[in-house]
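User: I am new to this structure and would like to get to know one part of it properly. Could you pick out the enclosed empty space, look at it closely, and then show me what lies around it and elsewhere?

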Amino acid sequence: GGKSQQQEKSTRVKARVKAHAMRELMETKDRILIMGHKLSDSDAFGSAIGIYRIATALNKKAHVVINEVTTSVQPMMARFLDNPDYPEDLFLTGAQAAELVDSNTMLVVVDVNRPSITDAPELLKLVKTIVVMDHQSSEVISNAVLSYVEPYASSACEMVAEVLQYIADGIKIKSAEADAMYAGIVIDTNNFTNQTGVRTFEAAAFLRRNGADVTRVRKLFRENAAEYKAKADAVGQAEIYRNDYAISICRSDGIQSPTIVG
């Protein structure tokens, strides 16, 4: 998340205004592309799925652009693949998405505001109508038609969950989608400990009401024995330097994503 600590506002006026603006934009387009950042994490994935649900509720064709699937997203993504409730072309690579772009295409960028680290930067040049939703602001995607950046929101999923409540009446969220968004909030807040405000719990409660299963989400993030051992080994061998720094080596052999373990 962002580094600037900002006071959370408890009113949702901004969320409602942005939701209406976003709906108006979506209604003028036929196809919606949704993109997160490179090496997508659960917050980027969950918020993209939330936007997909909004688009389909407005009867628009929507695709999530994802090039490389990381291990943290794999178990969640597996629930959408080969699922009769979702189209075959729900997930596209950047190149496939670029072929679909025409004047009736809209691009929604979630959980990232820096053009260079979006999953498919070339789409930013191709698509004229761009909407950005992020919870931190450093660099900015300059040609966005609508930009919704909330530095005090815990996660992009929290923002999307709020927009979902205002954009149209009674959008039905499926449990897999609610799980993905709930997971994004859990990861970005480190289990509701970092940067968690009143609205974070309200968003979580909304997702919970819509079928997010806390136990199922926790199971998605369970690590296997090899990862657990590598982590324990690294902690066990840590040396303390100048009473302030712990230095250790984390083995990577036989581990699918050593960076996450690190």
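**A close look at the largest cavity**

Analyst: Sorted by class, the residues that line the largest cavity are eight nonpolar and two polar, with no charged residues among them. Please keep in mind as we go that this is a predicted model. How do we find such a space at all? Rolling a probe the size of a water molecule over the atoms shows where empty space is left. Two cavities of 30 Å³ or more turn up in this structure, and the largest has a volume of about 40 Å³.

Which residues form its wall? They are I34, M35, G36, S40, A44, F45, A48, V64, V65 and I66. Three elements each give at least two residues to this lining: strand β1 (31-35), helix α2 and strand β2 (61-65). The largest share is that of α2, which contributes three residues.

That makes α2 a good next stop. This helix runs over residues 42-57, and at 1.5 Å a residue its 16 residues should span 22 Å. Its end C-alpha atoms are indeed 22 Å apart, so the expected and computed lengths agree. Is the helix mostly enclosed or mostly open to the outside? A residue is called buried here when its relative accessible area is under 20%. By that rule 14 of the 16 residues of α2 are buried, so the rest of the structure largely encloses the helix. After α2 comes N59, whose phi is positive, near 60 degrees.

The surroundings of this helix lead us to the nonpolar interior. In soluble globular proteins, nonpolar side chains tend to be buried together. Here the largest nonpolar core has 60 residues, and M22, M26, F45 and I51 have the most contacts inside it. F45 is worth a second look, since the list of residues lining the largest cavity also includes F45. M26 gives a feel for the packing: leaving out residues up to four places away in sequence, M26 touches I32, I51, I54, A55, L58, K60, M106 and V108. There is also a second, separate core of 16 residues, with L33, M35, A97 and V109 among its members. M35 links back to our starting point, as M35 is one of the residues that line the largest cavity.

Now for a space of another kind, an open one. The largest pocket has a volume of about 790 Å³. It is lined by 28 residues, and the closest to its centre are I187, L220, F221, R222 and I260. By class, this lining holds twelve nonpolar, ten polar and six charged residues. Helices α7 (175-188), α9 (214-220), α10 (225-236) and α11 (258-261) each provide at least two of the lining residues. Of the elements, α9 gives the most, four residues.

Two residues let us look more closely at the helices just named. R216 lies in α9, and its relative accessibility of 31% makes it partly exposed. Apart from neighbours within four places in sequence, R216 is in contact with R79, S175, D179 and G211. Its C-alpha atom is 30 Å from that of R16, which is 200 residues away along the chain. V235 lies in α10 and is exposed, with a relative accessible area of 61%. From V235 to G254, 19 residues apart along the chain, the C-alpha atoms are separated by 18 Å.

To finish, here are a few stops in the loops. A144 sits between β5 (129-134) and β6 (146-149) and is partly exposed, at 22% relative accessible area. Setting aside neighbours within four places in sequence, A144 is in contact with I130 and V132. A144 and L107 are 37 residues apart in sequence, while their C-alpha atoms are 9.2 Å apart in space.

D82 belongs to the loop between α3 (74-78) and β3 (91-92). Although D82 is not a glycine, its phi is positive, about 50 degrees, and the residue is exposed at 79% relative accessible area. N243, in the loop between β7 (239-241) and β8 (245-247), is another residue other than glycine with a positive phi, near 60 degrees. At 73% relative accessibility, N243 counts as exposed.

Methods
Residues numbered from 1 in each chain as written. Predicted model: local features only at pLDDT ≥ 70, side-chain atom pairs only at ≥ 80, totals over all residues. Heavy atoms only, no water. 1 Å grid on protein atoms, 1.4 Å probe; cavity = no way out; pocket = protein on both sides within 12 Å on 5 of 7 lines; lining within 4 Å. Points joined across faces, edges and corners; volume = space filled by probe spheres on them. Nonpolar A, V, L, I, M, F, W, Y, C, P; charged D, E, K, R; others polar. Expected span 1.5 Å × (residues − 1). Buried < 20%, exposed > 50% of the residue type's maximum accessible area, 1.4 Å probe, protein only. Core = buried A, V, L, I, M, F, W, Y, C linked by side-chain atoms within 4.5 Å. Contact = heavy atoms within 4.5 Å.
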